[in-house]
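The following exercises practise the reading of a protein model. Please attempt each task before turning to its solution.

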Amino acid sequence: MKLFTCRNCNNALYFENSVCLSCNNTIGFDSQQLIMLTIQKNKSDALYTDLQSKKTYKYCQNAQEATCNWLIPSTSTAVFCAACELNRTIPPLAIAQNRERWNNIEVAKHRLLYSLLRLQLPIKKKINNSADGIGFDFTVDTSSTKSVMTGHQSGLITINIKEADEAERARNKYDLNEKYRTLLGHFRHEIGHYYWDVLIKNNSKLLKKFRELFGNETVNYEQALRNYYNNSNKNTSNHYISIYATSHPWEDWAESWAHYMHLMDTVETAFYFGIRLDNETLQQRKLETPLMKNPYEVKDFIEIFNMWVPMGFAVNALSRSMGHPEFYPFVISAEIVEKLTFIHDLCKENRLKTDK
């Protein structure tokens with residue numbers, strides 16, 4: 001993610017900030033320009049004026065719930081921003097625990113939407129039960145015996161809000177023998193299923209390449225998952241980014257898509273913070289790091305991967321130094337690089353079509 005700064009005092013900002021903690025000016029995110037604006041509330045109405053451009057904006061309605069800091073042009077009739085308009089269901093907010101969990105979910109979802117906007121992927125709101133478009137259901141269990149399953153179906157992404165609870169997520173991580181489980185990871189995985197439908201499903205050429213890399217997706221999905229969960233000896237190989245990726249080609253794709261987004265966002269963050277590892281020290285350990293670049297402007301994925309490797313090694317070492325598990329506990333083999341390259345090229349091709 002970009003490094004954002006207050007346009008009044010140049011103080012560094014987090015993506016979720018709505019106030020600059022240095023100069024106390026109001027802050028909002030402009031999803032059209034992908035920048036933070038420093039704004040001032042108008043005295044006569046509910047609008048805000050950008051201190052630099054003098055254009056006027058309004059906050060997304062969910063700003064009233066302290067779950068969104070995105071702005072909408074004042075001329076727009078929309079009441080929700082580009083991220084929040086995709087919500088179909090939110091949990092009952094009369095329960096304080098639900099409100100806290102929903103806030104955590106919105107933080108992850110907004111970061112997902114930022115990445116989709118950076119990739120210039122098609123983002124379309126699902127209308128009612130339409131076959132196309134993206135929709136989010138953030139739901140609670142209806143009973144102690146019936147649990148809502150997190151998943152994707154035809155663009156509708158369902159997230160059980162229990163996943164926003166750290167203890168619950170850690171329990172699921174342990175029970176399912178997963179190395180990594182985060183809210184943002186869930187969003188990136190599930191949106192990967194959606195973009196398989198959008199970008200690959202009806203393209204025979206891309207479908208052929210997909211099957212060469214990930215396998216034949218026509219294998220019965222439900223049976224494949226039953227076989228996966230009934231098999232106690234879940235072992236991965238260098239061909240898969242995670243154990244769950246072995247369950248079915250669609251899950252291999254979604255897991256690979258999520259990791260592609262992990263790498264892109266992390267490398268972009270390092271680029272904007274000016275992070276560069278010491279070449280001389282790394283070369284003594286036979287690790288060479290190139291100059292960091294903006295990954296969204298890099299044509300070949302292997303160049304992004306070569307920036308990621310030494311950085312991933314460094315942050316894993318830092319995490320261990322703090323007594324935590326590895327920041328990124330995965331090994332990316334040559335086979336996985338080929339899958340990630342396919343995803344990168346697919347996103348790049350879509351950007352080229354969007355720009356024309």
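**Exercise 1. The span of a helix**

Task: How many residues has helix α1, and what distance does helix α1 reach from its first C-alpha to its last?

Solution. The model is predicted: local features need pLDDT of at least 70, side-chain atom pairs count only at pLDDT 80 or more, and totals for chains, interfaces and linings use all residues. Residues are numbered from 1 along each chain as its sequence is written, and side-chain values use heavy atoms, with hydrogens and water left out.

Step 1. Helices (H or I, at least four residues) and strands (E, at least two) are DSSP runs, numbered from the N terminus. Helix α1 covers residues 96-119, a run of 24 residues.

Step 2. The expected span of a helix is 1.5 Å times one less than its number of residues. For α1 the expected value is 34 Å, and the helix reaches 35 Å from its first C-alpha to its last, which is close.

Step 3. Q120 follows α1 and has a positive phi, near 55 degrees.

**Exercise 2. A second helix**

Task: What span should helix α8 have at 1.5 Å a residue, and which residues of α8 are buried?

Solution. Step 1. Helix α8 (residues 301-321) has 21 residues, so it should span 30 Å; its end C-alpha atoms are 30 Å apart, in agreement.

Step 2. Buried means under 20% relative accessible area, exposed over 50%, and partly exposed in between (1.4 Å probe, protein chains only). The buried residues of α8 include F301, I304, F305, W308, M311 and G312.

Step 3. An α-helix has 3.6 residues a turn, so residues three or four places apart point the same way.

Step 4. After α8 comes G323, with a positive phi near 80 degrees.

**Exercise 3. Following the strands**

Task: Which strands pair with β4, and over how many bridges?

Solution. Step 1. Two strands pair if DSSP finds at least two bridges between them. Strand β3 (residues 26-30) and strand β4 (residues 35-41) run antiparallel and are joined by 5 bridges. Within this pairing, I27 has T38 of β4 as its bridge partner. The β3 and β4 hairpin has 4 residues between the strands, and L34 there takes a positive phi near 55 degrees.

Step 2. Strand β4 also pairs with strand β5 (residues 48-50), in the antiparallel sense, over 3 bridges. Here I39 stands opposite D50 of β5, and a hairpin of 6 residues joins β4 to β5.

Step 3. The chain of pairings can be followed further. Strand β5 and strand β6 (residues 56-59) are antiparallel, with 2 bridges, and T49 stands opposite T56 in β6. Their hairpin has 5 residues between the strands, with K54 in the turn at a positive phi of about 70 degrees.

Step 4. Strands β6 and β7 pair in the antiparallel sense over 3 bridges. Y59 has L71 of β7 as its bridge partner.

**Exercise 4. A pocket and its lining**

Task: How much space lies in the second largest pocket?

Solution. Step 1. On a 1 Å grid over the protein atoms alone, a cavity is a set of points where a 1.4 Å probe fits but cannot get out, and a pocket is an open set with protein on both sides within 12 Å along at least five of seven lines; lining residues have an atom within 4 Å of a point. Grid points are joined across faces, edges and corners, and a volume is the space filled by probe spheres set on the points.

Step 2. The second largest pocket holds about 820 Å³ of space. Its lining has 26 residues, and those closest to its centre are Y180, R181, T182, E326 and F327. Elements that give two or more residues to this lining are α1, α2 (166-175), α3 (183-199) and α6 (249-272).

**Exercise 5. Two residues of α6**

Task: Is E268 buried or exposed?

Solution. Step 1. E268 is found in helix α6. Its relative accessible area is 0%, so E268 is buried.

Step 2. Contact means heavy atoms within 4.5 Å. Leaving aside neighbours within four places in sequence, E268 is in contact with residues including Y114, R118 and Y296.

Step 3. H259 also lies in helix α6. With a relative accessible area of 4%, H259 is buried. Not counting residues up to four places away in sequence, H259 touches I241, Y328 and F330.
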